[in-house]
Amino acid sequence: MRALVIEDEAVLFQAIERALEKLGHRVRWASRCEHGERSFNEERPDLTLLDLRLPDGSGLELLPRLRARDPDAPIII
């Protein structure tokens, strides 16, 4: 399973990454909305974890753009 974590805090991302990798998932990290949206479009992850507050915007603002690209994608905020 491919997971995308859109989270600006490196320490929090690393904890999430360790947990997901222990479960056998491949994890990709994006620290900004712009990078997260690009990774989502390129990678087509099986799961996306999305932070509410990011340096260049809100996860709530990014969510509709991700949903427009893939309405059935599992996204957890």
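In this predicted model, Glu 34 and Arg 38 form a salt bridge in which the closest N and O atoms are 3.2 Å apart. It is one of seven salt bridges that the structure holds. The fold includes an open sheet of four strands in the order S2-S1-S3-S6, with parallel pairing. The points below take up the charged pairs, helix H2, the sheet, the burial of its strands and a nonpolar surface patch.

**Salt bridges**

- Glu 34 and Arg 38 are four residues apart in helix H2, which means that about one helical turn separates them.
- Glu 34 is partly exposed, with a relative accessible area of 45%, and Arg 38 is also partly exposed, at 40%.
- A salt bridge with an N to O distance of 3.0 Å brings together the side chains of Glu 37 and Arg 65. This pair links distant parts of the chain, since Glu 37 belongs to helix H2 and Arg 65 to helix H3, 28 residues apart.
- Glu 37 has a relative accessible area of 22% and therefore counts as partly exposed; Arg 65, with 38%, is partly exposed as well.
- Asp 70 and Arg 44 meet through their side chains in a salt bridge of 3.5 Å, N to O. Asp 70 sits in the loop between H3 and S6 and Arg 44 in the loop between H2 and S3, so this contact ties together parts that are 26 residues apart in sequence.
- Arg 44 has a relative accessible area of 33% and is partly exposed.
- Arg 26, Arg 28 and Glu 43 are joined into one network by salt bridges that share partners.
- As a general principle, side chains of opposite charge can pair when their charged atoms come close.

**Helix H2 and the residue after it**

- Helix H2 covers residues 33-43, and its buried residues are Cys 33, Gly 36, Ser 39 and Phe 40.
- Viewed down the axis of H2, these buried residues fall within an arc of 130°, so they line one face of the helix.
- Arg 44, just after H2, adopts a positive phi of about 50°.

**Strand pairing in the sheet**

- Which strands lie at the edges of the sheet? They are S2 and S6 (75-76), each of which pairs on one side only.
- Strands S1 (residues 2-6) and S2 (residues 26-30) run parallel and are joined by five bridges. Between S1 and S2 the chain passes through helix H1 (residues 10-22), and this β-α-β crossover is right-handed.
- Leu 4 stands opposite Arg 28 in S2, a residue that also belongs to the salt-bridge network with Arg 26 and Glu 43.
- Four bridges connect S1 and S3, which pair in the parallel sense.
- Val 5 has bridge partners in two strands: Trp 29 in S2 and Leu 49 in S3.
- The bridge partner of Ile 6 in S3 is Leu 50.
- S3 (residues 47-50) pairs with S6 over two bridges, in the parallel sense.
- Across the pairing of S3 and S6, Thr 48 has Ile 75 as its bridge partner, while Leu 49 stands opposite Ile 76.
- In general, strands of a sheet pair through backbone hydrogen bonds, either parallel or antiparallel.

**Burial of the strands**

- Four of the five residues of S1 are buried, so the strand is largely enclosed by the rest of the structure.
- How are the two faces of S3 covered? Leu 47 and Leu 49 are buried on one side, and Thr 48 and Leu 50 are buried on the other.
- The general background is that side chains in a regular strand alternate between the two faces of the sheet.

**Nonpolar surface patch**

- Leu 52, Leu 60 and Ile 77 make a nonpolar surface patch of about 280 Å².
- Leu 60, one of these residues, lies in helix H3 (residues 59-69).
- Is Leu 60 buried or exposed? Its relative accessibility is 53%, and because exposed means over 50%, Leu 60 counts as exposed.

Technical notes: Residues are numbered from 1 along each chain as its sequence is written. This is a predicted model: local features need pLDDT of at least 70, side-chain atom pairs count only at pLDDT 80 or more; totals for chains, interfaces and linings use all residues. Side-chain values use heavy atoms; hydrogens and water are left out. Patches are made of residues with over 30% relative accessible area and no salt bridge: like charges are joined within 9 Å, nonpolar side chains (Val, Leu, Ile, Met, Phe, Trp, Tyr) within 5 Å. Accessible areas come from the Shrake-Rupley method with a 1.4 Å probe; for residues, only the protein chains shown count as cover. A salt bridge is a side-chain nitrogen of Lys or Arg within 4 Å of a carboxyl oxygen of Asp or Glu. Buried means under 20% relative accessible area, exposed over 50%, partly exposed in between (1.4 Å probe, protein chains only). Two strands pair if DSSP finds at least two bridges between them. A crossover is right-handed if, with the strands pointing away from the viewer, the path from the first strand over the helix to the second runs clockwise. The arc is that of the directions from the helix axis to the C-beta atoms.
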